[in-house]
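Open the model in your viewer and keep the sequence panel beside it. Each stop below says what to select and what is there.

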Amino acid sequence: MGKLFSLIVLLALGYAGLYFYYGVAVEQEVQQQLDDRGLTSVSVDNVEYGLLAPLNTSANISATVSYRGSQAALNLTVQGHPLFFDEISVELDGLQALRLGIGFGQ
């Protein structure tokens with residue numbers, strides 16, 4: 001029973017590492033796609049994806065991007081996998097939310 005528990009813990013740790021790596025790689029790819037299109041001032045704040053996204057070669061994700069005082073939540077589709085493929089593509093599915101910040105400076 002102890003070996004089974006150890007195997008489950010080892011698999012859980014391996015999957016946690018894969019899940020973390022997937023998030024970092026997708027965030028970098030989204031930022032690279034924005035930079036390639038001349039949107040270097042737009043920064044990626046957060047990337048959200050499902051629990052099983054790192055196991056598939058196609059996943060729907062949500063990314064929050066910001067530019068100065070504005071934020072936008074984007075629905076994206078990721079084709080490919082950063083661990084198994086040299087190239088992954090990110091396609092815009094739609095705009096989920098747009099928040100504009102208006103500040104009055106002195």
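The tour goes from the whole chain to single residues.

**Whole chain**

Select everything. This is a predicted model. Colour by pLDDT: the protein chain averages 87, and 95% of the residues score at least 70. Where is confidence lowest, and where is it highest? The low is strand β4 (residues 89-99), at a mean of 82. The high is strand β1 (residues 43-49), at 93.

Switch to cartoon. One helix and four strands appear in the protein chain. Their order from the N terminus is α-β-β-β-β.

Now check the overall dimensions. The C-alpha atoms fill a box of roughly 65 × 30 × 20 Å along the principal axes. The radius of gyration is 17 Å, whereas a compact globule of 106 residues would have one near 13 Å.

Turn on the surface. The accessible surface comes to about 7400 Å², and carbon and sulfur atoms contribute 59% of that. Of the 106 residues, 31% are buried. Then show the charged side chains. There are 4 positive and 10 negative charges, and their mean positions lie 8 Å apart.

One value for the contact map: take contacts with a separation of 6 or more. Residues 24 or more positions apart account for 39% of them.

**Stop 1: Gly14**

Select residues 2-36, which form helix α1, and find Gly14 in that helix. Is Gly14 buried, partly exposed or exposed? Its relative accessible area is 45%, so it counts as partly exposed. Draw a distance from Gly14 to Pro82. The two are 68 residues apart along the chain, and their C-alpha atoms are separated by 16 Å.

**Stop 2: Tyr49**

Move to strand β1 and select Tyr49. With 15% relative accessibility, Tyr49 falls under the 20% cut-off and therefore counts as buried. What does Tyr49 touch beyond its neighbours within four places in sequence? Display Tyr19, Tyr22, Gly23, Pro54 and Ile61: Tyr49 is in contact with each of these. Pick Gly23 for a distance. Its C-alpha atom is 8.0 Å from that of Tyr49, with their positions 26 residues apart along the chain.

**Stop 3: Ser62**

Go on to strand β2 (residues 58-67) and select Ser62. Ser62 is buried, at a relative accessible area of 15%. Leave out residues up to four places away in sequence and show the contacts. Ser62 touches Asn46, Val47 and Glu48, along with Leu74, Asn75 and Gln96.

**Stop 4: Arg68**

Step to the loop between β2 and β3 (70-79) and select Arg68. Check the backbone here. Arg68 is not a glycine, yet its phi is positive, at about 55°. Is Arg68 buried or exposed? Its relative accessibility is 75%, so Arg68 counts as exposed.

**Stop 5: Leu95**

Finish in strand β4 with Leu95. Leu95 has a relative accessible area of 54%, over the 50% cut-off, so it is exposed. Which residues does Leu95 touch, not counting those up to four places away in sequence? Show Ala72, Ala73 and Leu74. Draw one last distance, from Leu95 to Leu74. Their C-alpha atoms are separated by 4.7 Å, although the residues are 21 apart along the chain. Leu74 was also on the contact list of Ser62. Keep both selections on screen. Remember that strand β4 has the lowest mean confidence, 82.

Methods:
Residues numbered from 1 in each chain as written. Predicted model: local features only at pLDDT ≥ 70, side-chain atom pairs only at ≥ 80, totals over all residues. Heavy atoms only, no water. pLDDT = per-residue confidence, 0-100. Helix = DSSP H or I, 4+ residues; strand = E, 2+ residues; numbered from the N terminus. Rg over C-alpha atoms; globule rule 2.2 N^0.38 Å. Buried < 20%, exposed > 50% of the residue type's maximum accessible area, 1.4 Å probe, protein only. Contact = heavy atoms within 4.5 Å. Areas by Shrake-Rupley, 256 points an atom, 1.4 Å probe, with all protein chains shown as cover. Lys, Arg positive; Asp, Glu negative; His and termini not counted. Charge placed at Lys NZ, Arg CZ, Asp CG, Glu CD.
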